[in-house]
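Colleague: I would like to learn how to read burial, sheets and cores in a model. Could you take me through a case?

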Amino acid sequence: MLNKVFTWVMRLLWKFITASPVMALITTLSALIAKVSMILAFLVPMKVIILLSSETTPTYFIPIVNKIGWDALVIGLGVISGLLFVVHVISSKVSEVYTLVGYRSLERKSAKLVLFEGQDDFLHGSYKRISSMLSSIVFLLLSSFFFSVFYKEILLLFFVIIATFLLYIINITRIEERGFLPASELGNVLNITQGLAFFGVFSYVLVDFLYLHPPDFIVALVSIIAFRIILGNVSSVARDIHFFIGNKNKMDAVYFHDKIFVERERKGSDGVWYLLENRSIDSWAPDILKEATGTSWQRYHVQWRQSGIPDVLFLVVKNLSSNNYCFVKIYHKKHKKKAQHEASLLLNSSVNLPAPKLLLTTYLGGHHIHVMDFGEIDVFSTKPAIPPRDIQLNLMGVTLPDEIVDQYRRSHPLASSLLRDTDFSRLKLSIGSQETGKLTELLDSYSGMCNLMNQMPLMLSAPVKKEWLVKGYEDTFLLLEWGEWKLEQGAAGWPAKENHLAELSEKFSTLTEERSVFQNVSVEEIQFSCLFHEFCRAMKSQRYADVVNGLPMLLDMYKKACHSKKVGMHVS
C-alpha cells in the first residue's frame with residue numbers, strides 16, 4: 001500500500017513537471033527562493049542583535065569580514081536583511097503569477113469539461129500546493145547537505161524525522177481504507193510531532209555542549225533554528241500529501257487524461273452505514289436502547305426505514321421479549337444541525353406534538369443518535385393517508401412554551417425581517433417597464449405589510465414527506481423528522497394557490513377553537529400571511545417572474561386584511 005501511494009504521488013509530480021516544464025521550474029524555484037530568503041531575512045537580524053551586544057567583530061567571521069569593521073558590518077547586515085525581504089516579496093509574487101499561468105496551461109491541455117463545482121479554484125490551489133511541496137522537498141535536501149557539513153550528529157535526527165514522516169504516510173494509507181483522517185486531527189498530530197522532535201534536538205545540543213564535543217556556538221544556534229524551520233517544511237509536505245490523497249478523485253480527474261471524476265465514497269467510520277453491520281450494531285444497539293428505555297434489549301430485530309435524507313438512517317427496532325418498538329435515528333456528522341434543532345423542540349416535554357416521544361439523544365463515533373418511543377405501534381403495518389395540509393393545520397394549532405419561542409426569535413429571522421434592499425434592487429432590474437407600477441405599489445405598501453405580519457401569532461411549521469409519517473392510535477399521525485421545524489408568522493406552510501386559500505378560510509374556525517390568539521385575527525389576515533410567505537420565498541430564490549405574477553393577489557389580499565383589521569378594531 002505504501003508503494004501504491006508513493007507511485008501515485010510520483011506520477012502526480014511527473015505530470016506537474018511534464019505538463020508545463022518551464023512553468024513548473026519557475027514556480028518551484030521562485031517558491032524555494034522565497035522560502036530561503038525569508039529564512040535568511042529572519043536569521044540575519046538575529047546576527048545583528050548578537051553583534052550589537054558584543055560591540056566587537058566575532059572571530060568566526062572570515063578575515064575579509066573582520067577587516068570591514070564592527071560599525072560597517074552591523075549596517076551592512078541590516079541592509080542585507082532588508083534586501084532579503086525584498087527578494088522574498090518579489091519571488092513570492094513571481095511564484096504566484098507563474099502558478100496562475102501554469103495552472104491555466106494545464107487546464108487547457110487537460111481538454112476536459114467542467115467536472116465539479118469550484119474546479120478552477122481547486123486546480124489553481126492544487127497546482128500551487130504541488131509547487132510548494134516540490135520547493136519544500138528541495139529545501140529539505142539542501143538542509144541535509146548543510147547538516148552533513150556543519151553538524152553531522154543532527155543529520156541523524158533529521159533522518160529520524162523523515163522516517164517518522166514515512167510512518168505517517170503508512171498510517172494515511174491504512175486510514176484511507178476505513179475512513180480518511182480529518183485535517184484537524186492531522187494538524188494536532190503534526191503539532192505534537194514537531195514539538196517532540198524540536199525538544200529532542202534541543203536536548204541533544206544541550207548535552208553536546210555540556211559533556212561532548214560541540215561545534216561553534218553560531219553553528220549550533222543556526223542549526224537549532226534551521227531544524228525548527230525544517231520541521232515546518234516536513235509538516236507542510238505532510239499536509240500537502242494528505243490533501244492530495246483526500247481529494248484523489250478530483251486530482252485524478254483534473255491531472256490525468258485517463259481518469260474521470262467519480263464522487264468519493266464514504267468509508268468506514270466516516271459514514272453511518274457501517275453502524276448497521278452485524279458486528280457493529282450488536283456493539284452499540286442493546287446498550288443505547290437499554291439506556292433509553294430502562295429495559296433489556298438483548299433479543300431484538302432491526303428493520304431499516306427509508307428516511308428520504310441521504311446519510312440519515314431510520315431504524316425501527318422491535319424488542320422480541322416485550323414486543324415493544326423503538327424508533328432510532330442516526331444522523332451523519334454533516335447533519336449535526338438537524339439533530340440538534342430537532343432535540344431542542346422534542347426534548348421539551350410540555351409541548352404536545354404529533355411526534356414520538358424522544359427518549360434519548362446521544363453520540364456514536366461523532367454521529368448524533370435519537371431514540372424515540374413507539375410503544376406497541378408497528379409502523380410497517382399501517383400506511384398513513386393524511387393530506388399535508390391537514391398536518392400543517394394541526395401544527396398551526398400547537399402552542400409552544402415562551403422559552404422555545406424566545407430562543408427561536410433570538411436565533412432565526414422571521415419573514416417580516418428577511419428581505420433586504422438588495423433583494424428589491426434585483427427585482428427592479430429583472431422586471432419590465434410595464435410592471436413598474438406594481439413594484440411602486442409594493443414598495444409603498446411593504447412597510448405596512450411587515451407591520452401587519454409582526455402582529456401575527458407565531459405558528460409551528462415543518463416540512464412533511466411521506467417517509468416521515470406513520471399512524472398512531474385512533475387514526476392520529478406521527479411526524480418522524482423535525483430537523484427543519486420553524487416558527488413562522490401566520491400560515492407559512494400553507495399552499496398559496498386560490499383553492500387552497502379558500503380551504504384555509506373554511507378550516508380557520510378550527511384554529512380559533514384550539515388557540516385563543518387566533519380570535520383577534522381575521523381570515524383575510526391569515527390568507528395574507530400565507531401569500532406574504534410565498535412572496536418572500538420567491539424573492540430569496542430569485543423567482544422574480546413568480547413574484548410579479550403573484551403581486552396583484554398579494555396587494556389585493558393586503559388591502560382586504562387591512563380593512564378587516566380596521567373593522568375589527570372598530571367593533572372592539
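Colleague: Is leucine 134 buried or exposed, and what is its relative accessible area?

Modeller: Burial is read from relative accessible area, and buried means under 20%. In this model, which is predicted, leucine 134 has a relative accessible area of 14%, so leucine 134 counts as buried. Leucine 134 belongs to helix α5, residues 119-150.

Colleague: Which residues is leucine 134 in contact with, leaving aside its neighbours within four places in sequence?

Modeller: With those neighbours left out, the contacts of leucine 134 are Leu13, Phe16, Ile17 and Thr28. As for leucine 25, it is 109 residues from leucine 134 along the chain, and their C-alpha atoms are 9.9 Å apart.

Colleague: What about polar residues: where is serine 81 found, and is it buried or exposed?

Modeller: The same cut-off applies, under 20% for buried. Serine 81 sits in helix α4, residues 70-110, and counts as buried because its relative accessibility is 13%. Beyond four places in sequence, serine 81 is in contact with Ala41, Val44 and Pro45.

Colleague: And which helix holds aspartate 252?

Modeller: Aspartate 252 lies in helix α9, residues 248-255. Aspartate 252 has a relative accessible area of 8%, so it is buried. Its contacts, again leaving aside neighbours within four places, are Trp8, Lys112 and Lys259.

Colleague: Next, the sheet. What is the order of the five strands?

Modeller: Read a sheet by strand order, then by the sense of pairing. Here the sheet is open, with antiparallel pairing and the order β1-β2-β3-β5-β4. β1 (300-305) and β4 (357-364) are the edge strands, each pairing on one side only. Direction ignored, neighbouring strands are turned by 25° against each other on average.

Colleague: How many bridges join β1 to β2, and how many are there between β2 and β3?

Modeller: β1 and β2 run antiparallel and are joined by six bridges. β2 (residues 312-319) and β3 (residues 325-331) are also antiparallel, over seven bridges. To follow the register, start at phenylalanine 314 in β2: arginine 305 stands opposite it, and phenylalanine 314 also stands opposite lysine 329 in β3. Valine 312 has tyrosine 331 in β3 as its bridge partner.

Colleague: Which residues take a positive phi in the two hairpins?

Modeller: In the hairpin of β1 and β2, with six residues between the strands, it is glycine 308, with phi near 80°. In the hairpin of β2 and β3, with five residues between them, it is asparagine 323, with phi of about 65°.

Colleague: How many residues of β2 are buried, and which helix packs on the sheet?

Modeller: Seven of the eight residues of β2 are buried, so the strand is mostly covered. Helix α11 (residues 336-346) packs on the sheet and touches β3, β4 and β5 (367-375). The direction of α11 makes about 40° with that of β5.

Colleague: Why do the buried residues of α13 line one face of the helix?

Modeller: Look down the axis and see how widely the buried positions spread. In α13 (residues 402-411), Ile404, Val405 and Tyr408 are buried. They fall within an arc of 100° seen down the axis, so they line one face. Asp402, Glu403 and Arg410, on the other side of α13, are exposed. The cover over the buried residues includes α11, β6 (458-461) and β9 (486-489).

Colleague: How many residues has the largest nonpolar core?

Modeller: In soluble globular proteins, nonpolar side chains tend to be buried together. The largest nonpolar core here has 43 residues, and Phe528, Phe532 and Phe535 are among those with the most contacts inside it. Helices α12 (388-396), α14 (421-430), α15 (436-454), α16 (498-514), α17 (523-540) and α18 (544-571) each supply at least two of its residues. Phenylalanine 535, not counting residues up to four places away in sequence, touches residues including Leu419, Phe424, Tyr446 and Val547.

Colleague: Which residues belong to the other core?

Modeller: The other core lies apart from the largest one and has 38 residues, including Val312, Val316, Tyr408 and Leu458.

Colleague: Last, how many disulfides does a search of the whole structure find?

Modeller: Zero. Cysteine 536 is in no disulfide, and the nearest cysteine sulfur, that of cysteine 450, is 7.3 Å away. Cysteine 536 is buried, at 3% relative accessible area, while cysteine 562, at 23%, counts as partly exposed.

Key
Residues are numbered from 1 along each chain as its sequence is written. This is a predicted model: local features need pLDDT of at least 70, side-chain atom pairs count only at pLDDT 80 or more; totals for chains, interfaces and linings use all residues. Side-chain values use heavy atoms; hydrogens and water are left out. Two strands pair if DSSP finds at least two bridges between them. Helices (H or I, at least four residues) and strands (E, at least two) are DSSP runs, numbered from the N terminus. Axes are lines fitted to C-alpha atoms, for helices over the stretch in contact, and angles run from 0 to 180 degrees between N-to-C directions. Contact means heavy atoms within 4.5 Å. Buried means under 20% relative accessible area, exposed over 50%, partly exposed in between (1.4 Å probe, protein chains only). A disulfide is a pair of cysteine sulfur atoms within 2.5 Å. A nonpolar core is a set of buried Ala, Val, Leu, Ile, Met, Phe, Trp, Tyr and Cys residues joined through side-chain atoms within 4.5 Å. The arc is that of the directions from the helix axis to the C-beta atoms.
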